[in-house]
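This report takes a slow walk through one protein chain, from its overall make-up to a few chosen details. Please keep the picture open beside the text while reading.

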Amino acid sequence: MFWVPTKTFVGAGQISVLTGWDDLHSREEQTGVHPGDPIMLSPDYRVDELLSEYLNRSSFVLLEHETKRNYTSDYRVFFDFLWGRGKLWTQATADDLLDFHDWRVRSPQNPGRVGGAKWNRELAALTRLYDWANRKGYVPSSPVELRTIAGRYGGTTSVPAGREKSARTSNVHWLTPRAFRRWLDVGMRGHTAQGWPDVTWAGRLEARNVAYAELLFSSGMRLVEGASLLTVEVPRIALDGGRYYTGRLARAVTKSKRPRTFYVAAPVVGGIESYEESSRAAAIRRAQAKGRYEELADLRLVTHMTGQRRRLLHWRDRDGAAGHTALSEATVAERMTLYTEGPEGPEPLWLWLNEQGLPLRPASWENVFRAANDRCRQELGALMAEPPFCTPHMCRHSFALFMLVVLNHVMDARMGLTAEERRDFRLLYGDPWQMVQDLLGHAQRETTRDIYLAPVADLQLRSLLEDVPELNTGRRPMDETFARLAREAEGIQDVDDRLEGVA
């Protein structure tokens, strides 16, 4: 099976290529196909109408964008497996799924075997599809066999029998602050292992990439949360200074679907402003000169904004129709269509742009981080056994670790509280675990404690922080604290002391 963009209209059993944009747009609307919807073609280039109905007209469309993308990829692998057996997806049996499970997870003939967590996600995707098909009467029964287990709050529930019980619930890694700085310098700023700028480094998107990575590391945002920010949501440097600035994440872009206040360090805010005034502004000027924004059919021009607590974006579309969208309710897809009138024409409100001056899709950040990891391996592989690597979500993990250690240090060392005063402080403001939980937007403390902060869950932070080095050691504050933590806990990346001396 192949996944193709929806800008090619696919009819039942054939591909229909249309020459006129307006005709294409109207045909897509008539068939219920929208930008971003997946279309799956069989190896003989035929389209299954039932699959199209499921992907574009069922509860599948309500899933998060990344979930839809992942599930579509999972379906393709299973459908290819069935195609090799001469079967369509509607002909799958429980035995087919058992064989697929064995091949996917255990078979030595499969060079691309997956772990238990990945298999459980694929099984969840298939369970959703076949439950829908069975309810609709498109298949006589689901190939996914179920078993009954005790529910979390009493009662019973049904789960797929083929779930891998040994699957890891998380694969969490952390970076100490100095390891992150080294990864950023080498991977995204193009520095050499010795700490000097590389004269061969192109760095066209350096300001954007560095600003985004620092934003995630400083604020603990998820990939999509940081990637979908609008320029009007970014805090601005104030004349009276301040070490941290606050902003507000919209309900529609958070995983919990609840708005959340975020905190970001002043230098990071300055980096974002520098990006906006330099490479972002240049990309917009180039796009305007080439008329790229004039070609966008779904552009919405924001004319003004009203409200204080509930901000409304008032806009008009290409046809002149006026409307408004609550900023907190604007989805990722809607945000990518929002523009404002600048001195030279329309300008995106979407903060992060590609070289063409168009909104950078959130999924593209994975490739940016992957390229930075590749460069770190190339530059640092000869000097250290495990060069630092990072993903967008690792920035969030590392932020949580950093904040917990710092908050405990502030409460226990800097404030000089007695045991009684510390108890009163925690009753009033909450303990550091609660503070980090709130910053991350977790509904359950167990998620914060058992997954994100597992390395320190069983350590005595008082003894860990009792000997914090001062600035005159030549290192940044608390570098030695994090180095000690990295030595005592699994999964935390730090820079080798010998390498630290190279720069």
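When the packing of two helices is described here, each axis is a line fitted to C-alpha atoms over the stretch in contact, and the angle between two axes runs from 0 to 180 degrees between their N-to-C directions. The model is a predicted one.

## The chain as a whole

The secondary structure of the chain comes to 18 helices and 15 strands, and buried residues make up 46% of its 503 residues. If we consider contacts between residues at least 6 apart in sequence, 61% of them join residues that are at least 24 apart.

## Helix H7 and its partners

Helix H7 covers residues 206–219, and at 1.5 Å a residue its 14 residues should span 20 Å, which agrees with the 20 Å between its end C-alpha atoms. How many of the 14 residues of H7 are buried? Eleven of them are, and H7 is therefore described as mostly covered, since a residue counts as buried when its relative accessible area is under 20%. Among these buried residues are Arg 208, Tyr 212, Leu 216 and Phe 217. After H7 comes Gly 220, whose phi is positive, near 80°.

The axes of H7 and H11 come within 11 Å of each other and cross at roughly 100°, which makes H7 roughly perpendicular to H11. On the H7 side, Arg 208, Asn 209, Tyr 212 and Ala 213 take part in this meeting, and they face Trp 365, Val 368 and Phe 369 in H11.

With helix H9, which covers residues 266–290, H7 packs at an angle of about 155°, and the two axes are 9 Å apart; that makes H7 roughly antiparallel to H9. The residues of H7 that make this contact include Ala 207, Arg 208, Ala 211 and Leu 215, while those of H9 include Val 268, Gly 271, Ile 272 and Tyr 275. The crossing of H7 and H9 is left-handed. Arg 208 is thus a residue to look for in the picture, as it takes part in the contact with H11 and also in the contact with H9.

## Helices H3 and H4

Another pair is formed by H3 and helix H4, the latter covering residues 94–105, and their axes come within 11 Å and cross at roughly 115°. Because angles of 65 to 115 degrees count as roughly perpendicular, H3 and H4 are described in that way. The contact is made by Val 77, Phe 78, Phe 81 and Leu 82 of H3, together with residues of H4 that include Leu 97, Phe 100 and Trp 103. The crossing of H3 and H4 is right-handed.

## Some single residues

Ala 372 has its place in helix H11, which covers residues 364–380, and it is buried, with a relative accessible area of 1%. Leaving out residues up to four places away in sequence, Ala 372 touches Trp 183, Gly 187 and Met 188. Ala 372 and Phe 389 are 17 residues apart in sequence, and their C-alpha atoms are 8.0 Å apart in space.

Ser 58 lies in the loop between helix H2 (49–57) and helix H3 (65–84), and at 11% relative accessibility it counts as buried. With residues up to four places away in sequence again left out, Ser 58 touches Glu 53 and Trp 132.

Most residues other than glycine have a negative phi. The table lists two residues that have a positive phi although they are not glycines.

| Residue | Phi | Place |
|---|---|---|
| Tyr 45 | about 65° | loop between strand E4 (39–41) and H2 |
| Lys 257 | about 60° | loop between strand E8 (244–249) and strand E9 (260–265) |

Lys 257 is partly exposed, with a relative accessible area of 29%.

## The cysteines

A disulfide is a covalent bond between the sulfur atoms of two cysteines. How many disulfides does a search of the whole structure find? The search finds zero. Cys 376 is in no disulfide, and the nearest cysteine sulfur, that of Cys 390, is 9.3 Å away. Why is the sulfur of Cys 395 not bonded to that of Cys 390? The sulfur of Cys 395 is 3.6 Å from that of Cys 390, its closest cysteine sulfur, and this is too far for a bond because a disulfide needs the two sulfur atoms within 2.5 Å. Cys 376 is buried, with a relative accessible area of 0%, and Cys 395 is buried as well, with a value of 0%.

Notes: Residues numbered from 1 in each chain as written. Predicted model: local features only at pLDDT ≥ 70, side-chain atom pairs only at ≥ 80, totals over all residues. Heavy atoms only, no water. Buried < 20%, exposed > 50% of the residue type's maximum accessible area, 1.4 Å probe, protein only. Helix = DSSP H or I, 4+ residues; strand = E, 2+ residues; numbered from the N terminus. Contact = heavy atoms within 4.5 Å. Expected span 1.5 Å × (residues − 1). Parallel < 35°, antiparallel > 145°, perpendicular 65-115°, else oblique. Left-handed = near helix turned anticlockwise from the far one by under 90°.
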